[in-house]
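Here is a short report on one protein chain. Look over the sequence and the fold before reading on.

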Amino acid sequence: AALFVNENEDDNYFMLMAVPPNESAEKLSIGKEIIFIIDVSGSMQGVSIEQAKKGLQYSINQLNSNDLFNIIAYNDSFISMSSSTVSINEDNITLANEFIKNLHANGGTRALDPLKHAMMMNSSEDKLKMIVFITDGDLGYERKVFNLVESYLGKSRLFSVGIGTAPNGHLLEKVSQKGRGTYTYINNINHVDEKMKEL
């Protein structure tokens, strides 16, 4: 950084020049605290639930040793894999795989409660909290979702993953923008790993 100062008659002028450093080859690994919310409502039956489960398993296997994670599955109600986020180790990955394997699509779609629960969950101060919302986007209460994100998201970031042939892309994209995250669309089970890797 360089600062240039100049006086001309009665006025003072300055120019601040800031140049970014040379790109480092080192990869910065920021500790993440990721809460995955997966839609297991009836509309997810068939290929959609398989895509969602595959994406979830892939994502957990990509986490680093200093990350924390949890999984919340919802339809009419919701269930958490754990009461809080857990560390990456062999036991917890086995627990996650069992939890995912036992997920089946049925029932209605009530996304507000699990979203709020994830946003309100105690978080680690030294990690970046991220919520990954995996759904076919079959939600009919857009304004309530927006209000929820504005009221409870705090410093967390919200990423949406649209699954299946016709997710409500408009809603998921807008929610992700409000949540300072991104929207990813997966319409083919063969593209799950590639799309989740990008995310």
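How many bridges join β3 to strand β4, and do they run parallel or antiparallel? Seven bridges join the two, and the strands run parallel. Strand β4 covers residues 68–74. One bridge pair here is D39 with Y74 of β4. Keep in mind that this model is predicted.

**Strand β3 and its partners**

Strand β3 covers residues 32–39. Eight of its eight residues are buried. K32, I34, F36 and I38 point one way from the strand. E33, I35, I37 and D39 point the other way. Both sets are buried. Charged residues are among them: K32, E33 and D39.

Strand β3 also pairs with β7, residues 128–135. I37 of β3 stands opposite F133 in β7. The strand pairings, with β8 and β9 added, are set out below.

| Strand pair | Sense | Bridges | Bridge partners |
|---|---|---|---|
| β3 and β4 | parallel | seven bridges | D39 and Y74 |
| β3 and β7 | parallel | seven bridges | I37 and F133 |
| β8 and β9 | parallel | four bridges | V161 and T184 |

**Strand β9 and Y183**

Strand β9 covers residues 183–186. T184 and I186 form its covered face. Y183 and Y185 form the uncovered one. Its partner β8 spans residues 157–163. T184 of β9 is the bridge partner of V161.

Is Y183, in strand β9, buried, partly exposed or exposed? Y183 has 24% relative accessibility, so it counts as partly exposed. The cut-off for buried is under 20%, and for exposed over 50%.

Y183 also touches residues distant in sequence. Beyond its neighbours within four places in sequence, Y183 is in contact with S160, G162, P167, G169, L172, E173 and S176. Take G162: it is 21 residues from Y183 in sequence, yet the C-alpha atoms are 7.4 Å apart.

**The whole chain**

The protein chain holds six helices and nine strands. Its C-alpha trace spans about 75 × 40 × 35 Å along the principal axes. The radius of gyration is 21 Å, while a compact globule of 199 residues would have one near 16 Å.

Buried residues make up 43% of the 199. Among contacts with a separation of 6 or more, 68% link residues 24 or more positions apart. The accessible surface comes to about 11500 Å². Carbon and sulfur atoms account for 48% of that surface.

Charge comes last. The chain has 18 positive and 25 negative side chains. The centres of the two sets lie 7 Å apart.

Conventions:
Residues numbered from 1 in each chain as written. Predicted model: local features only at pLDDT ≥ 70, side-chain atom pairs only at ≥ 80, totals over all residues. Heavy atoms only, no water. Rg over C-alpha atoms; globule rule 2.2 N^0.38 Å. Buried < 20%, exposed > 50% of the residue type's maximum accessible area, 1.4 Å probe, protein only. Contact = heavy atoms within 4.5 Å. Areas by Shrake-Rupley, 256 points an atom, 1.4 Å probe, with all protein chains shown as cover. Lys, Arg positive; Asp, Glu negative; His and termini not counted. Charge placed at Lys NZ, Arg CZ, Asp CG, Glu CD. Pairing = 2+ DSSP bridges.
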